[in-house]
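Work through these exercises with the structure open beside you. Try each task before you read its solution.

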Amino acid sequence: MKLKFILLFCVLPFFLFSQEEQDTSLVTSKKQQREIPRFAITATGGLSWRLADVNPDENSLTKAYIKDLKSGNGFEITAKYFFNSKFGVGLKYNSHLSKVRYDNMYFSYNNQNYFGTVSDDISINTIAVTFSGRFYNRQKTGYFTFDGGIGLMTYKDDSKIATNMINIKGNTMGFNVSAGVGVNITRNVSLVIGLNFLNGTLSQYDVTENGIKQRVTLSENEYQSLSHIDVFEGLVFTF
């Protein structure tokens, strides 16, 4: 009897300690689940490149101009709500901006020869609904994130060819995907870097030249690509 009592006395503390440790682990796990933020606001910026091909029949100067015009800056703001630690939905606003000006150029436009300035100021803006994913590492110090969605893409070009002022506007539906890696800076702020791919094609647009407006409908081989890739970095605010 004494032997049984001694064994029980020796084993009971280990049992209680083990049970307490399991309870603590369970509480910690539940606490971590509660602390995983559901809302995320992201603001990013970086470099952006359009992917449309350059017509091989263009002269070398025109090719150089178009090549300069294809590269620009990208900015993005997103708002997301996560159903759980991994998946959610969001809204995205993305902007590609590029601007080029060449002075003292000889060029042909509308079957006329000109000498002077050529410039373009282009913006491609996207508003989209997205499906979002976010996968934390074990320590919850960083995560992998991705988005995919569809939305409206708008195109605007304020152009000048010598004395001719030209404004082009159009819109289309497009899709977008992005992926990135985030590292926590504080409990509610993280640094994120990643890539965006946005795709859309214009089949028609409105042109206003020197006050005269007209609708231009393109044939299939003339469709204008709005596709671009962004390399971005920015901050994510969670709550």
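**Exercise 1. Describe the largest pocket: its volume, its lining and the elements that build it.**

Solution.
- Step 1: Start with the space. In this predicted model, the largest pocket has a volume of about 1400 Å³.
- Step 2: Find the wall. The lining holds 39 residues. Nearest the centre lie Glu58, Thr62, Ile66, Leu69 and Asp120.
- Step 3: Sort the lining by class. It has 21 nonpolar residues, ten polar ones and eight charged ones.
- Step 4: Trace the elements. At least two lining residues come from each of α2, β3, β4, β5, β6, β8, β9 (212-217) and β10 (224-225). The largest share belongs to α2, with six residues.

**Exercise 2. Do the same for the second largest pocket: which element gives the most to its lining?**

Solution.
- Step 1: Take the volume. The second largest pocket encloses about 530 Å³.
- Step 2: Look at the lining. It counts 30 residues, and Pro37, Arg134, Tyr136, Tyr143 and Thr238 are the closest to the centre.
- Step 3: Sort by class. Twelve are polar, eleven nonpolar and seven charged.
- Step 4: Go through the elements. α1 (2-35), β1 (39-50), β2 (71-82), β4, β5, β6, β7 and β11 (228-238) each give at least two residues. β2 gives the most, with four.

**Exercise 3. Locate the largest nonpolar core. Which residues touch the most other members?**

Solution.
- Step 1: Count the members. The largest nonpolar core has 23 residues. Phe107 and Tyr155 touch the most other members.
- Step 2: Map the core onto the elements. α2 (60-70), β3 (87-109), β4 (112-136), β5 (142-161), β6 (164-184), β7 (189-202) and β8 (204-209) each supply at least two residues. β3 brings the largest share, five residues.
- Step 3: Zoom in on Phe107. Leaving out residues up to four places away in sequence, Phe107 touches Gln112, Asn113, Tyr114, Gly116, Thr117, Val118, Ile161 and Ala162.
- Step 4: Check for another core. A second, separate one has six residues, including Tyr143, Val192, Phe232 and Val236. Tyr143 also appeared in Exercise 2, among the residues closest to the centre of the second largest pocket.

**Exercise 4. Summarise the whole chain: how many helices and strands does it have, and what percentage of its residues is buried?**

Solution.
- Step 1: Count the elements. The chain has two helices and eleven strands.
- Step 2: Read their order from the N terminus: α-β-α-β-β-β-β-β-β-β-β-β-β.
- Step 3: Turn to burial. Of 239 residues, 36% are buried.
- Step 4: Turn to the surface. About 15200 Å² is exposed, with 61% of it from carbon and sulfur atoms.
- Step 5: Finish with contacts. Among those between residues at least 6 apart in sequence, 67% join residues at least 24 apart.

Definitions and conventions. Residues are numbered from 1 along each chain as its sequence is written. This is a predicted model: local features need pLDDT of at least 70, side-chain atom pairs count only at pLDDT 80 or more; totals for chains, interfaces and linings use all residues. Side-chain values use heavy atoms; hydrogens and water are left out. A nonpolar core is a set of buried Ala, Val, Leu, Ile, Met, Phe, Trp, Tyr and Cys residues joined through side-chain atoms within 4.5 Å. Buried means under 20% relative accessible area, exposed over 50%, partly exposed in between (1.4 Å probe, protein chains only). Contact means heavy atoms within 4.5 Å. Accessible areas come from the Shrake-Rupley method with a 1.4 Å probe; for residues, only the protein chains shown count as cover. On a 1 Å grid over the protein atoms alone, a cavity is a set of points where a 1.4 Å probe fits but cannot get out, and a pocket is an open set with protein on both sides within 12 Å along at least five of seven lines; lining residues have an atom within 4 Å of a point. Grid points are joined across faces, edges and corners, and a volume is the space filled by probe spheres set on the points. Ala, Val, Leu, Ile, Met, Phe, Trp, Tyr, Cys and Pro count as nonpolar, Asp, Glu, Lys and Arg as charged, and the others, Gly among them, as polar.
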